[in-house]
Amino acid sequence: MKNASKLYDARINAHNILVEFTIQEYEGLVKDVVEKNEFQRKRVRSSKSVYALLREDLIKQCVIPPVVLALTHKIKYQEDDVDDFKDKLSQAKDHLVILDGLQRTHTILDLLSDLRAKKDEATLKAVLESKMRVEIYVGLNRLGILYRMLTLNTGQTPMSLRQQIEMLYLDYMTMNVDGVELVRESDAKNASRQNQYNFKDIVEGFNAYLDRDELPIDKADILENINSLEKLSKENQETELFERYLESLNRLVLRFYEQCGPVEVSEEYIKEKGAPFGKNILQVLKRPQCISGYGAAIGKLLDFEALDRLVSRVVNSYIFAYQGSS
């Protein structure tokens with residue numbers, strides 16, 4: 001490994017470090033990353049694609065375009081100590097995200113696997129010793145990563161904004177944000193308690209906030225990414241916006257619950273009128289339509305300068321002040 005250069009990206013408040021890896025070093029760094037991330041895009045398998053041609057080029061030891069990585073975890077390292085940076089990077093590799101070059105990475109890993117299966121030791125050794133360039137963003141938060149992912153992928157066949165949010169914020173499943181517990185569909189349990197929310201619904205709501213649109217995303221296209229970029233460029237890259245959004249939503253739900261309590265629609269009403277949108281205030285507010293509507297509405301309030309920042313106490317005070325005056 002060799003550090004080639006280091007530049008500061010003032011737009012997203014992070015350093016971009018250009019590093020030279022051998023293919024073997026890169027494999028060791030990222031092979032677990034692509035296997036563990038369930039929200040990562042699938043690889044392209046068409047035999048006629050450029051990725052099939054890339055396999056042959058790698059065998060001929062071509063120089064491929066740089067792959068771009070980012071760390072979702074801040075690391076402290078000695079500025080001019082390459083070995084120290086390499087060690088710290090290896091320790092934090094579970095927090096790596098591939099911003100650009102996922103299909104190239106899959107191609108590299110597939111080729112190495114095939115060469116090992118064929119026991120073609122000479123070709124395998126030559127490929128492993130080949131060098132490649134990797135750009136690594138260090139010190140930026142997830143919003144900055146999301147912004148940079150969109151700028152790198154616009155013009156290609158991109159993941160939707162929702163998919164990228166899922167990928168970047170997956171580790172919030174195990175983090176404590178304002179006492180909130182996020183539940184995945186695979187967890188086989190319902191988000192029935194006050195502090196529980198479906199991860200998928202929260203992602204949709206955060207997507208609605210960033211896009212200022214409560215309607216669900218049907219497909220990924222270039223226009224979606226361009227519109228998202230316009231919204232993201234206005235956000236504060238120095239804050240963890242997902243946390244602020246989740247905190248404000250949770251405190252709003254709890255505030256309404258304080259006002260309404262555990263009151264539920266009676267069984268007699270349900271028999272006569274049919275199933276309601278929600279039997280109680282928690283069921284109503286935790287519906288994906290409400291969560292996405294909240295995200296879009298808060299985003300528009302910020303655009304209209306009715307709110308100056310996304311902080312839970314400010315948002316909730318505004319909403320309840322408005323509710324009291326209407």
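**Figure 1. The largest cavity of the predicted model and the residues that line it.** In this predicted model, the largest cavity has a volume of about 30 Å³, and a search of the whole structure finds one cavity of 30 Å³ or more. Its lining is formed by Ile23, Leu58, Gln61, Cys62, Ile64, Ser130, Lys131 and Met132, a group that divides into five nonpolar residues, two polar ones and one charged one. Rolling a probe the size of a water molecule over the atoms shows where empty space is left.

**Figure 2. Two residues with a positive phi, glutamine 61 and arginine 212****.** Glutamine 61, which also belongs to the lining of the largest cavity, has a positive phi of about 60° although it is not a glycine. Glutamine 61 sits in the loop between helix 2 (50–59) and strand 3 (67–71), and with a relative accessible area of 45% this residue is partly exposed. Arginine 212, likewise a residue other than glycine, has a positive phi near 55°, and its place is the loop between helix 8 (199–211) and helix 9 (222–232). Arginine 212 has a relative accessible area of 9%, and it therefore counts as buried, a term that applies under 20%.

**Figure 3. The two nonpolar cores, with phenylalanine 85 in the first view****.** The largest nonpolar core has 35 residues, and those with the most contacts inside it are Phe21, Tyr26, Leu69, Phe85, Met132 and Ile136. A second, separate core of 33 residues includes Phe199, Leu246, Ile298 and Leu302. When its neighbours within four places in sequence are left aside, phenylalanine 85 is in contact with Met1, Asn3, Ile17, Val19, Ile75, Tyr77, Ile136 and Val138. Met132, named above for its contacts in the largest core, is also one of the residues lining the largest cavity.

**Figure 4. The buried and exposed residues of helix 5****.** In helix 5, which spans residues 121–129, the buried residues are Thr123, Leu124, Val127 and Leu128. These four lie on the same side of helix 5, because they cover an arc of only 130° around the axis. On the other side of helix 5, Glu121 and Ala122 are exposed.

**Figure 5. Leucine 112 and its contacts with helix 5****.** Leucine 112 is found in helix 4, residues 102–118, and this residue is buried, with a relative accessible area of 0%. Leaving aside neighbours within four places in sequence, leucine 112 is in contact with Ile23, Glu27, Leu124, Val127 and Leu128, and among these partners Leu124, Val127 and Leu128 are buried residues of helix 5. The C-alpha atoms of leucine 112 and threonine 123 are separated by 9.5 Å, and the two residues are 11 residues apart along the chain.

**Figure 6. Glutamate 243 in helix 10****.** Glutamate 243 has its place in helix 10, which covers residues 241–260. Because buried means under 20% relative accessible area, glutamate 243 counts as buried at 19%. Not counting residues up to four places away in sequence, glutamate 243 touches Tyr172, Met175 and Val177.

**Figure 7. The protein chain as the setting for the close-up views.** The secondary structure of the protein chain comes to 14 helices and seven strands. The protein chain has 326 residues, and buried residues make up 47% of them. Of the contacts between residues at least 6 apart in sequence, 72% join residues at least 24 apart.

Notes
Residues are numbered from 1 along each chain as its sequence is written. This is a predicted model: local features need pLDDT of at least 70, side-chain atom pairs count only at pLDDT 80 or more; totals for chains, interfaces and linings use all residues. Side-chain values use heavy atoms; hydrogens and water are left out. A nonpolar core is a set of buried Ala, Val, Leu, Ile, Met, Phe, Trp, Tyr and Cys residues joined through side-chain atoms within 4.5 Å. Buried means under 20% relative accessible area, exposed over 50%, partly exposed in between (1.4 Å probe, protein chains only). Contact means heavy atoms within 4.5 Å. On a 1 Å grid over the protein atoms alone, a cavity is a set of points where a 1.4 Å probe fits but cannot get out, and a pocket is an open set with protein on both sides within 12 Å along at least five of seven lines; lining residues have an atom within 4 Å of a point. Grid points are joined across faces, edges and corners, and a volume is the space filled by probe spheres set on the points. Ala, Val, Leu, Ile, Met, Phe, Trp, Tyr, Cys and Pro count as nonpolar, Asp, Glu, Lys and Arg as charged, and the others, Gly among them, as polar. Helices (H or I, at least four residues) and strands (E, at least two) are DSSP runs, numbered from the N terminus. The arc is that of the directions from the helix axis to the C-beta atoms.
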